Amino acid sequence: MTILDEQALSTIIQMAQDPILILSEEFMVLDLNQGVEKILNNEKKQIVGTYLTQFCSAEELKQLVSTQLKQITLKTASNSFICHAVITHKAPSLSSPKVPQPLINTTTFQYLEAIISQIPASVYWMNTNYIYLGCSDSMAKLLKLASRHDIVGRTYTDLYDQKSAAFYKKSDSSVLEHGISLSLEEPLYRYDGVKLIYLSKKVPLYDELGNIIGMLGISTDITERKKMEKDLKLAKKAAESADRAKTEFIANIGHDIRTPLTGVIGMAEILKNSLDNMELKTEAHIIHDSGEELLSMLNSILDDIKAGNIHDGELHLEPFDLYECVNDLIKLERPTTTAKHLGLFVEIDEKIPQILISDRRKIQRILLNLLGNAIKFTKSGHITVKIKYLGQNNDFIKLQFGVSDTGIGIPQELHHKVFERFYRSSPSYKGVYKGHGLGLHIVKTYVQLLGGQIALISKEGTGSTFQFELQFKTPKDACLFASKPKQAKSLPIRHLDCSNSPLPLCLLIEDSPTALIVLQSLVAQTGCKYLSAKNAEEALQILKNTQVDLIITDIGLPGISGIEFSSLTRQWEKENHKTKRPIIGLTGHAREAAYNECIASGMDNVYTKPANVDLINTIISTYLSNASLAPINQAPLPLSICKTELPPTESELFQLERFVLLDREEGIKSCGDNEVLFEEMLHLMVSQEIPVDLEQMKLAFAKQDFETVEKLAHKIKGGGVYLGLVRLKYACQYVERYWKSGERALFEPLFNQAIEVIETTCQEIKF
Ligand code: ADP
């Protein structure tokens, strides 16, 4: 046995997967390999020097000597393992792993030879002249050698084809010449020409002086594993391309469906407007709404596909105004929160610069989805969009975004699920909430794309907060920074009042739905809460049950008028020892005409419609002196826009051409300078509200119920006044006032004129 053989065997012991122990005659552990360390879950230095009696009985150990049984069962507290044991009569050196001392006597060597024959891997060793000196049985078998001893004295060219030989020599030279340990994949052409792949580990062997004297290699056949890996890769590729094909198919079909669907929606709208029969009209309306719903679902799916297909490179970075971006969203959602009586607040840290660089559209989309959900899943309370400054680093600024609501909340166990594609906690068959379960999936994808992670903090029944942090680049150009964040003129952003003082509560009474929504929006903008009533009867009921701080009422209400309501309220307050709350009247006529009567009824003041943001601020700052809110802007009262009730001459009654059909500016002003709200209101008015009132007005005229005609004219006028529908306003006003004046001669032509003006207004505005 040469030193090289000894070294090779000793190294094999160390590299072998099977556990091997070297014992003294007294069963003291002298050496062990990693396999033993693993099963005993202990380090070599802790085990060496201890006695094996702690792991097995004396009986068993005796048997190990007497029967030369080379395997022993070690028992630990939790398990038992079979281990190879070698008893040596010579103490091995355990000092340097690089220069192991000969530790194997002849008996031991024979035993180790037996182990090598059992190792199910190709083990081989060679000297520095690239001459093989030994190998395992399985290697000999692979090379078709009669015995493993037949390898001794052979070189690569004796055993392999030319190409393989060159390959092995190249890799082995780095072990033998430079002492580098290798782990690599190597090809092997079997005797029958089949190419096999081996994973080889090769280490240098040293003599006592630390000189390289040879190399030991262990190679394992991984041909099957490689084939499986390749098959898996192919299967993955096929699955991905099938998925892509499916996605592309959905995207294509989505686009294809969208075009005809838009046609269906458009035609349903035209059909609805051209029908006189209410039943058919409703049916056309259903077709229209169902089409819209389908279209919105299609758009969500297409968006999601787009979000899923986006790669980093598709981020569209640009400088943009974060304040404007948030403002646009608020303007868009304000009509919905107003209609649902929800507070909508925005809090932006003043430290945040106005202009930032990122993908504006994606950020807007994220916030829009979160805001939309917050509104959808909240019945009462408020929604808050918060943007916090977290810090700055060179050209980068870190912000935290949060969208919170006081809605239904999400149970803990669903916090992860809600971000999954198509997940909805209230499925469509329950019909409670609309949605396709895609919004949050898009949000998550976009947030990740922008380098953030979205978090959800929510408790069932209390509300939810969706939060994420993003880095923004800040533009170098200093002039792009505003010293103080600019707030968009059209919609003042009010920072949340953190003092927790209760917000003042207003009661709004208005029979025209359009005028009411505008009023609600204006009041909400001042930061007040409100309750609404369509008539005085409803309002009186609310007053009995709720402590409100301010009442704003239309004067010309159906049933109990605003003036009667005011007297009744004062009377009720007196009888019930309640403090008087301010009552403000809004009249569609000249303020002077109604003033005395209003004040006499107990009102605090009366103003001419339409209300606008200046007027509401003035009312709130004047009559809610204790309110925690400062007025946004103190401005003089708007002048009445309808001083004249009837023109001085009869012929002027029919000269309506001199009035514009639509005074857009006035309408937008009435809607608190909120153009989006104005457009929404106008659309609602001409496509839903007026057509219904118009039908009723025509019906009332046919039945000669002129009182009702006059009331409906007043109602239509009310909405028109708010939205700058000047000609419609005068046409209705003349009908109303003429009837009230007691004259009858021109009533019919005035009625016909009003019908024509109303119809023309609706048609022109729609196109
Ligand atoms: P959907 O279009 O159905 O709203 P999303 O992906 O936006 O789809 O939301 C998935 C589900 O997560 C919703 O159906 C709802 O159950 C829940 N969810 C999302 N946002 C909120 C929220 N603000 N409050 C309560 N539940 C929410």
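These are my notebook entries on a few things I looked up in this predicted model.

**Entry 1: the whole chain**

I started with the overall counts. The chain has 767 residues, and 49% of them are buried. I get 23 helices and 21 strands for its secondary structure. For contacts, I took those with a separation of 6 or more, and 62% of them are between residues 24 or more positions apart.

**Entry 2: the antiparallel sheet**

Next I went to the sheet that contains β5. What is the strand order here? I read β6-β5-β9-β8-β7, an open sheet of 5 strands with antiparallel pairing. At the edges I find β6, residues 132–135, and β7, residues 182–189, each paired on one side only. Ignoring direction, neighbouring strands are turned by 30° against each other on average.

I then checked how β5 is held to β6. Strand β5 covers residues 122–127, and 3 bridges join it to β6, with the two running antiparallel. I followed one residue across: tyrosine 124 has cysteine 135 of β6 as its bridge partner.

I also wanted to know what packs on this sheet. Helix α8, residues 162–178, does so, and it touches β5, β7, β8 (195–206) and β9 (212–221). I noted about 160° between the direction of α8 and that of β7.

**Entry 3: the cavities**

I looked for enclosed space and got 4 cavities of 30 Å³ or more. The largest holds about 150 Å³. Which residues lie nearest the centre of the largest cavity? I list Tyr124, Tyr160, Tyr168, Glu186 and Ser219, out of 17 lining residues. Tyr124 is thus on two of my lists, since it also bridges to cysteine 135 in β6.

I sorted the lining by element: β5, α6 (137–142), α8, β7 and β8 each give two or more residues. By class, I have 11 nonpolar, 3 polar and 3 charged residues in the lining.

**Entry 4: the parallel sheet**

I moved on to a second sheet, also open and of 5 strands, in the order β18-β17-β19-β20-β21 and with parallel pairing. Strands β18 (529–533) and β21 are at the edges; each has a single partner strand, so one side of each has no neighbour in the sheet. From one strand to the next I get an average twist of 20°.

I went through two of the pairs. Strand β17, residues 505–509, and strand β19, residues 550–554, run parallel and are joined by 4 bridges. In that pair, isoleucine 509 is opposite threonine 553 of β19. Strand β20, residues 583–587, is joined to β21 by 4 bridges, again in parallel. Here I find isoleucine 584 opposite asparagine 605 of β21.

I looked at where the side chains of β21 (605–608) go. Asn605 and Tyr607 point one way, Val606 and Thr608 the other way. Buried or exposed? I find all of them buried.

Helix α16, residues 562–575, lies across β17, β19 and β20, and I noted about 150° between α16 and β19.

**Entry 5: leucine 74**

I picked leucine 74 in strand β3, residues 71–75. Its relative accessibility is 0%, so I count it as buried. Leaving out neighbours within four places in sequence, I find it in contact with Leu21, Ile39, Leu40, Leu52, Phe55, Cys56, Asn79, Ser80, Phe81 and Cys83. I took Leu52 from that list: leucine 74 and leucine 52 are 22 residues apart in sequence and 8.4 Å apart C-alpha to C-alpha.

**Entry 6: glutamine 547**

I then took a loop residue, glutamine 547, between α15 (536–545) and β19. It is exposed, because its relative accessible area is 53% and the cut-off for exposed is over 50%. Beyond its neighbours within four places, I find glutamine 547 in contact with Leu505 and Arg581. Arginine 581 is 34 residues away in sequence and 9.3 Å away in space, C-alpha to C-alpha.

**Entry 7: positive phi**

Last, I checked two residues for their backbone angle. Lysine 144 has a positive phi of about 60° and is not a glycine. I place it in the loop between α6 and α7 (156–159), and it is exposed at 56% relative accessible area.

Histidine 577, also not a glycine, has a positive phi near 50°. I place histidine 577 in the loop between α16 and β20. Its relative accessibility is 75%, so I count histidine 577 as exposed.

Conventions:
Residues are numbered from 1 along each chain as its sequence is written. This is a predicted model: local features need pLDDT of at least 70, side-chain atom pairs count only at pLDDT 80 or more; totals for chains, interfaces and linings use all residues. Side-chain values use heavy atoms; hydrogens and water are left out. Two strands pair if DSSP finds at least two bridges between them. Axes are lines fitted to C-alpha atoms, for helices over the stretch in contact, and angles run from 0 to 180 degrees between N-to-C directions. Contact means heavy atoms within 4.5 Å. On a 1 Å grid over the protein atoms alone, a cavity is a set of points where a 1.4 Å probe fits but cannot get out, and a pocket is an open set with protein on both sides within 12 Å along at least five of seven lines; lining residues have an atom within 4 Å of a point. Grid points are joined across faces, edges and corners, and a volume is the space filled by probe spheres set on the points. Ala, Val, Leu, Ile, Met, Phe, Trp, Tyr, Cys and Pro count as nonpolar, Asp, Glu, Lys and Arg as charged, and the others, Gly among them, as polar. Buried means under 20% relative accessible area, exposed over 50%, partly exposed in between (1.4 Å probe, protein chains only).
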